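Subject: Structure handover

Hello,

Here is the structure for you to open. Please keep it on screen while you read my notes below.

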Amino acid sequence: MSHVLSEETHRNMLARIPHCTGREVSDWLRTVDEGPALRFEEKVSWLRHEHNLAYGHAKAIIHEYELRRAARKFA
């Protein structure tokens, strides 16, 4: 899948998000959870346009959201 980041890249992006956006990753995950039900790339676009995020940050947030959502399904 084209939207999969390497684990190292993903973790590095997540670590920079609070500094770059002024918001914690957990805040962004809540924003995504409360946002519209869209496909992966549509969610990335939504974050970029509605919240003025860079593509890489938006992609990392949505990737983390999807990872956590999948983990909840298997818990």
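Glu24 counts as partly exposed, because its relative accessibility is 46%. The scale is simple: buried means under 20% relative accessible area, exposed means over 50%, and partly exposed is in between (1.4 Å probe, protein chains only). Glu24 sits in the loop between H1 and H2. Helices (H or I, at least four residues) and strands (E, at least two) are DSSP runs, numbered from the N terminus. From Glu24 to Leu14, 10 residues apart along the chain, the C-alpha separation is 9.2 Å.

Some ground rules. This is a predicted model, where local features need pLDDT of at least 70 and side-chain atom pairs count only at pLDDT 80 or more, while totals for chains, interfaces and linings use all residues. Residues are numbered from 1 along each chain as its sequence is written, and side-chain values use heavy atoms, with hydrogens and water left out.

The overall picture

The protein has four helices and zero strands. Read from the N terminus, the order is α-α-α-α. The radius of gyration is 12 Å, close to the 11 Å from the globule rule for 75 residues, so the protein is as compact as a globular protein of that length. That radius is taken over C-alpha atoms, and the globule rule is 2.2 Å times the number of residues to the power 0.38. Along the principal axes, the C-alpha atoms fill a box of roughly 30 × 30 × 25 Å. Of the 75 residues, 36% count as buried.

Now contacts, meaning heavy atoms within 4.5 Å. Take those in the protein with a separation of 6 or more: 49% of them join residues 24 or more positions apart.

The core

Which residues have the most contacts inside the largest nonpolar core? They are Ile17, Trp28, Val32, Leu47, Leu53, Ile61 and Ile62, in a core of 17 residues. Four elements give two or more residues to this core: helix H1 (7-21), helix H2 (25-34), helix H3 (40-51) and helix H4 (55-74). H4 gives the most, with five residues. A nonpolar core here is a set of buried Ala, Val, Leu, Ile, Met, Phe, Trp, Tyr and Cys residues joined through side-chain atoms within 4.5 Å.

Look at Val32 next. Leaving out residues up to four places away in sequence, Val32 touches Lys43, Trp46, Leu47, Ile61, Ile62 and Tyr65.

Lys43 and Glu66

Is Lys43 buried or exposed? Lys43 is buried, because its relative accessible area is 7%. Lys43 belongs to helix H3. Beyond its neighbours within four places in sequence, Lys43 contacts Val32, Leu38, Ile62, Tyr65 and Glu66. The C-alpha atoms of Lys43 and Ile61 are 9.6 Å apart, with their positions 18 residues apart along the chain.

Glu66 is part of helix H4. Its side chain makes a polar contact with the side chain of Lys43, at 3.0 Å. A polar contact is a pair of N or O atoms within 3.5 Å; within protein, one must be able to donate a hydrogen and the other to accept it, and residues adjacent in sequence count only if both atoms are side-chain atoms. With neighbours within four places set aside, Glu66 is in contact with Phe40 and Lys43.

Around the H3 to H4 loop

Arg48 lies in helix H3. Arg48 is partly exposed, at a relative accessible area of 33%. Outside its neighbours within four places in sequence, Arg48 meets Leu53, Ala54, Tyr55 and Ala58. The C-alpha atoms of Arg48 and Ala58, 10 residues apart along the chain, are 6.3 Å from each other.

Asn52 is in the loop between H3 and H4. Asn52 counts as exposed, because its relative accessibility is 68%. Its phi is near 55°, a positive value in a residue other than glycine.

Rings

Arg23 lies over the face of Trp28, 3.9 Å from the ring centre. A charge sits over a ring if NZ of Lys or CZ of Arg is within 6 Å of the ring centre and within 35 degrees of the ring normal.

Best wishes
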